[in-house]
Amino acid sequence: MKLEIIDTPIQFRLHGLSSDVQNRRFGEVGMKLMNEMWRIVKESNTATSGINHWVYLPDGRMFVGAELFSDALPPEPMESMEFDLNRYLKHVHVGPYQNLPATWAALKTELAELGESIGSPSIEIYGHHCDDPSKLETTILIGLRSPS
């Protein structure tokens, strides 16, 4: 599995919706947040990058958002979220979204074998959709703690 540990900070400025996630149902909650976010974006004619960002937060929370193309405030009830990842793992998953849980498990195992500690947040960045599930690309960024 190809992974890269990056020490160059990356910044995110996203606008979207957040929620608690019960019973680790991230896929179900993420889809609900994403669909509602895009409904709001379309109804308000808000210009975005069109790229979904699923942000996994501490304490069983998640945020689903996109980058806006202007400095305007996001439409109600969307929230703003800004954060940096100072050190993180990067992996590009190619294939069906249904295979993402297995990819995450493999990445976490590999990080543990490398002696790395997972921090927060972690993110999935979905490329533009295509009809062939084998060609779907999802960039996974897992926040890492700085080495001691």
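A colleague questions a modeller about the predicted structure above.

Colleague: What kind of model is this, and how are residues numbered?
Modeller: It is a predicted model: local features need pLDDT of at least 70, side-chain atom pairs count only at pLDDT 80 or more, and totals for chains, interfaces and linings use all residues. Residues are numbered from 1 along each chain as its sequence is written, and side-chain values use heavy atoms, with hydrogens and water left out.

Colleague: How many helices and strands does the protein chain have, and what makes a run count as one?
Modeller: A helix is a DSSP run of H or I with at least four residues, and a strand is a run of E with at least two; both are numbered from the N terminus. By that rule the protein chain has two helices and eight strands. Their order from the N terminus is β-β-α-β-β-β-β-α-β-β.

Colleague: Why is the protein chain called as compact as a globular protein of its length?
Modeller: The radius of gyration is taken over C-alpha atoms, and the globule rule is 2.2 Å times the number of residues to the power 0.38. For 148 residues the rule gives 15 Å, and the protein chain has 15 Å, so the description fits.

Colleague: How do you know that β6 and β8 pair?
Modeller: Two strands pair if DSSP finds at least two bridges between them. β6 (residues 88–94) and β8 (residues 137–144) have seven bridges, in the antiparallel sense. Valine 92 has threonine 139 in β8 as its bridge partner, and valine 94 stands opposite glutamate 137. β1 and β6 also run antiparallel, joined by three bridges.

Colleague: What is the strand order of the sheet, and why are β1 and β5 called edges?
Modeller: The open sheet of eight strands runs β1-β6-β8-β7-β3-β4-β2-β5, with antiparallel pairing. β1 (4–6) and β5 (79–85) each have a single partner strand, so one side of each lacks a neighbour in the sheet.

Colleague: What makes you say that α1 packs on the sheet?
Modeller: Contact means heavy atoms within 4.5 Å. Helix α1 (residues 26–44) touches β2 (10–20), β3 (52–57) and β4 (61–66). Its direction makes about 35° with that of β4. Such angles run from 0 to 180 degrees between N-to-C directions, with axes fitted to C-alpha atoms, for helices over the stretch in contact.

Colleague: Which residues of α1 are buried, and which are exposed on the face turned away?
Modeller: Buried means under 20% relative accessible area, exposed over 50%, and partly exposed in between (1.4 Å probe, protein chains only). The buried residues are Phe26, Val29, Gly30, Leu33, Met34, Met37, Trp38, Ile40 and Val41. They cover an arc of only 160° around the axis, which puts them on the same side of α1. That arc is taken from the directions from the helix axis to the C-beta atoms. The face turned away carries the exposed Lys32, Lys42 and Glu43.

Colleague: How do you know that the span of α2 agrees with the expected one?
Modeller: The expected span is 1.5 Å times one less than the number of residues. For the 14 residues of α2 that gives 20 Å, and its end C-alpha atoms are 20 Å apart, so the two agree.

Colleague: What makes one face of α2 the buried one?
Modeller: Leu100, Thr103, Trp104, Leu107 and Leu111 are buried. They fall within an arc of 100°, so they line one face of the helix. What covers them includes β1, β3, β6, β7 and β8.
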